[in-house]
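Got your viewer open? Here's a short tour, stop by stop, with something to select at each one.

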Amino acid sequence: MATKLEYIWLDGYKPTQSLRSKTKIESDFSGKLEDCPLWSFDGSSTEQAPGGSSDCILKPVYICADPQRKDAFLVMCEVLDSTGAAHESNGRALIQDDDNDFWFGFEQEYFLWDPKTNKPLGFPEGGYPGPQGPYYCSVGANNAFGREIVEEHLDVCLEAGLNVEGINAEVAAGQWEFQIFAKGAKEAGDQIWVARYLLERIGESYGVSINWHCKPLGALDWNGSGMHANFSNTLLRTAASQATYTKILEAFRPAEVVAEHIAVYGADNHLRLTGKHETASINDYSYGVSDRGASIRIPLYTVQKGWSGYLEDRRPNSAADPYKVAAVIIKTVKSAKL
Ligand code: ADP
Ligand code: MN
Ligand code: MN
Ligand code: MN
């Protein structure tokens, strides 16, 4: 039997990488990752190699069912250069010590976007809908726009086996969120990228594009889009100590550490991290219990469990690469002087 394997990878565009994919037909495929062969592509068409020596290698790293195609799988891949080393565009390779001790829950926000009006769904042609307020977690045709796309995406993600934990309509009109949680930084990143791929593909059939930009409506009074990173390791989950939390949170404070994080928290984040619209200023570092205006929020859950739980870095934006976000968070948590 012929099986369709959709090999998915990230291109080399800067500052924001995009999804690319192509289909490989295999016969008598087992369905297992280890039976997905290496493959190659033309890196000169994706800003990953010069034309004279254009081959890059696709290394399969995550597989799941493709519920929207007959006899098909989705195969997330890392990009290797022609020598077999991790390509410089390969953020997944930055994740060290992936022993599954780190758990990540990403909250992916995005806008459903009408390519004809170049506005979010729900925005009238040549104008604006009413101000923010009624859209967040809304129901009804006046306030919730594009639900059929969001519902289809949720069903397809669950059928594929992705660990989606929830969805909600967001603060701006046409803005939505899904949450994905995984035990293991690489798997959390893999699942976010596959979920983004599925959303983009579903959008095609509605003539709706996905706008991942963190501030697509500019400086107007509309929320931007984030990708809050909720994280924990065994220490954070079992600390039972405010002092331990403080030491870890202080490891994020030095200016050079802030800069290292902001560098991978998504393009144009200065437009979003203004100190307004439930964000902290890009120039500051702060943390606080339940504080949605802080860089890192300590969820009430963590305090109520006697300082055992997780933290939420609210700075990563909707277009950030979850692999790079996870890699730098792991590095900084591990650097804490306990
Ligand atoms: P909010 O919108 O209030 O910030 P959400 O419910 O959208 O919160 O997202 C919270 C995320 O935190 C979920 O994706 C969840 O999986 C994640 N999370 C919960 N516990 C942990 C934990 N121990 N480690 C990492 N992530 C966690
Ligand atoms: Mn949320
Ligand atoms: Mn949100
Ligand atoms: Mn959040």
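Which residues come nearest to ligand 1? Select ligand 1 and the residues around it: there are 14 of them, and Glu107, Glu165, Ser232, Arg297 and Glu312 come nearest. Keep in mind as you click around that this is a predicted model.

**Stop 1: ligand 1 and its polar contacts**

Stay on ligand 1 and show the side chain of Ser232. An N or O atom there is 2.7 Å from a nitrogen atom of the ligand. Now add Glu107, where a side-chain N or O atom is 3.0 Å from an oxygen atom of ligand 1. Gln179 is worth showing too: its side chain has an N or O atom 3.4 Å from an oxygen atom of the ligand. On its own, ligand 1 has 580 Å² of accessible area, and the protein covers 76% of that.

**Stop 2: ligand 4, a manganese ion**

Keep Glu107 on screen and select ligand 4. What coordinates this manganese ion? Glu107 appears twice as an OE donor, joined by His228 through ND1 and Glu312 through OE, at 2.0 to 2.4 Å. Along the chain, these donors follow the spacing E-x120-H-x83-E. Glu107 lies in strand 6 and His228 in strand 11 (residues 227–232), so this pair ties together parts that are 121 residues apart in sequence. If you colour by burial, both Glu107 and His228 should come up as buried.

**Stop 3: across to ligand 2**

From ligand 4, follow Glu107 to the manganese ion that is ligand 2. Glu107 bridges these two ions, which lie 4.0 Å apart. The protein donors of ligand 2 are Glu107 and Glu177, each through OE, lying 2.2 to 2.3 Å from the ion. Glu107 sits in strand 6 (residues 103–114) and Glu177 in strand 9 (residues 175–183), so you're looking at a link between distant parts of the chain, 70 residues apart.

**Stop 4: on to ligand 3**

Which residue coordinates both ligand 2 and ligand 3? Click Glu177: that's the shared one, and the two manganese ions are 3.7 Å apart. For ligand 3, the protein donors are the OE atoms of Glu109, Glu170 and Glu177, at 2.1 to 2.3 Å. Their sequence spacing reads E-x60-E-x6-E. Glu109 is in strand 6 and Glu177 in strand 9, another link between distant parts of the chain, with their positions 68 residues apart. Buried or exposed? Glu109 counts as buried because its relative accessibility is 9%, and Glu177 is buried too, with a relative accessible area of 4%.

**Stop 5: the rings**

Time to leave the metals and show the aromatic side chains. How many aromatic pairs does a search of the whole structure find? The count is 18. One of them is Tyr285 with Tyr287: their ring centres are 6.0 Å apart and their planes are at 55°, so the pair is tilted. Tyr285 counts as buried at 9% relative accessibility, whereas Tyr287, at 25%, counts as partly exposed. Next, select Phe102, Phe104, Phe106, Phe231 and Phe252 together, a cluster linked by ring pairs.

**Stop 6: charges over rings**

Two last selections. Show Lys119 with Tyr128: the charged end of the lysine sits over the tyrosine ring, 5.3 Å from its centre. Then try Arg196 with Trp212, where the charged end of the arginine sits over the tryptophan ring, 5.4 Å from its centre.

Key
Residues numbered from 1 in each chain as written. Chains lettered and ligands numbered in written order. Predicted model: local features only at pLDDT ≥ 70, side-chain atom pairs only at ≥ 80, totals over all residues. Heavy atoms only, no water. Phe/Tyr/Trp six-rings, centres within 6.5 Å; stacked < 30°, edge-to-face > 60°. Buried < 20%, exposed > 50% of the residue type's maximum accessible area, 1.4 Å probe, protein only. Lys NZ or Arg CZ within 6 Å of the ring centre and 35° of its normal. Donors = N, O, S within 2.8 Å, 3.2 Å for Na, K, Ca; no water. Helix = DSSP H or I, 4+ residues; strand = E, 2+ residues; numbered from the N terminus. Near = heavy atom within 4 Å. Polar contact = N/O pair within 3.5 Å; in protein donor to acceptor, adjacent residues only side chain to side chain. Areas by Shrake-Rupley, 256 points an atom, 1.4 Å probe, with all protein chains shown as cover.
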